[in-house]
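Me: Please take a close look at one part of this protein for me. I would like to hear about its pocket and then about its ring pairs.

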Amino acid sequence: MLHIKDLNKSFGKNHVLKNLNFSVAPGEVVAIIGPSGSGKSTALRCLNGLEIHESGTITLDGEVLTHDEKSLQTARMKMGMVFQNFHLFPHLTVLENIMFSPINVKKIAKAQAEQQAKELLHRVGLADKAQAYPSQLSGGQKQRVAIARALAMEPEALLFDEPTSALDPEMVNEVLQVMQELAEQGMTMIVVTHEMGFAKEVADRIIFMADGEIVEMGTAQQIIEAPQTDRAKAFLANVL
């Protein structure tokens, strides 16, 4: 469903993404790993149109995404984004946060959006937090609300940008459990992560990036247990 060809992105003289090439099939879970500064998050933000790439193509469902507003909106409708720092509206309740985009972007009736939001809260284990505000939640709970909010737009794929990196260690598993359940239900997912256990257990494929390039790509077992390049071996030796 998603095909990236020769993708390049620079910030000034800093060439952040260098000719990225990869595809993602429907229902596939792809984990992107690598050292900080390797371009992993920038790659996700280009897919979602939050960053504008200079060259190369992003093709979604056979349609090449361009930089015009209509194309960007299509990308964001079809590819939900979950950020590491949640980005919830502090003045809205949990329920209102989840209802916001379906009502304002998809123009869904309020009653329908509320019913859907309640179902999604149940799905992520937070049915009892509907009327709470983000400030009353733990980090893990906020991230589960953020996942529910992304799901409310009924995306074809979810993009996760280091979704557990801002969490206390004891809260990581509750978020990873929700992500694992989504994977088991067939959600297409691209996950930038430092959680090697999750990548090994849940990802169908792992992309290892360094210095803006894809260095290795293969099954989780291939990349984690038998990396082929010195760069991947060195990285994994430090994180496993």
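Reply: Here is the pocket, followed by the aromatic pairs.

This is a predicted model, in which local features need pLDDT of at least 70 and side-chain atom pairs count only at pLDDT 80 or more, while totals for chains, interfaces and linings use all residues. Residues are numbered from 1 along each chain as its sequence is written, and side-chain values use heavy atoms, with hydrogens and water left out.

Start with the pocket. The largest pocket has a volume of about 500 Å³. A pocket here is an open set of points on a 1 Å grid over the protein atoms alone, where a 1.4 Å probe fits, with protein on both sides within 12 Å along at least five of seven lines. The volume is the space filled by probe spheres set on the points, which are joined across faces, edges and corners.

The lining comes next. It counts 21 residues, each with an atom within 4 Å of a point. Nearest the centre lie Asn-48, Arg-76, Met-81, Ser-101 and Met-153. Four elements each supply at least two lining residues: helix H2 (69-78), strand S6 (79-82), helix H3 (94-104) and helix H5 (139-151). H2 gives the most, with 5 residues. Helices (H or I, at least four residues) and strands (E, at least two) are DSSP runs, numbered from the N terminus. By class, the lining has 12 nonpolar, 6 polar and 3 charged residues. Nonpolar covers Ala, Val, Leu, Ile, Met, Phe, Trp, Tyr, Cys and Pro; charged covers Asp, Glu, Lys and Arg; the others, Gly among them, are polar.

Now the rings. The structure holds 2 aromatic pairs. Rings of Phe, Tyr and Trp (its six-membered ring) pair if their centres lie within 6.5 Å; planes under 30 degrees apart are stacked, over 60 edge-to-face, and the rest tilted.

Phe-89 and Phe-100 have ring centres 4.9 Å apart and planes at 55°, so this pair is tilted. Phe-89 sits in the loop between S6 and H3, and Phe-100 in helix H3, so the pair ties together parts 11 residues apart in sequence. Phe-89 is partly exposed at 31% relative accessible area. Phe-100 is partly exposed at 35%. The cut-offs: buried is under 20%, exposed over 50%, partly exposed in between (1.4 Å probe, protein chains only).

For Phe-208 and Phe-235, the ring centres are 5.4 Å apart and the planes at 45°, so this pair is tilted. Phe-208 lies in strand S9 (residues 205-210) and Phe-235 in helix H9 (residues 230-239), so parts 27 residues apart in sequence are tied together. Phe-208 is buried at 0%. Phe-235 is buried at 7%.
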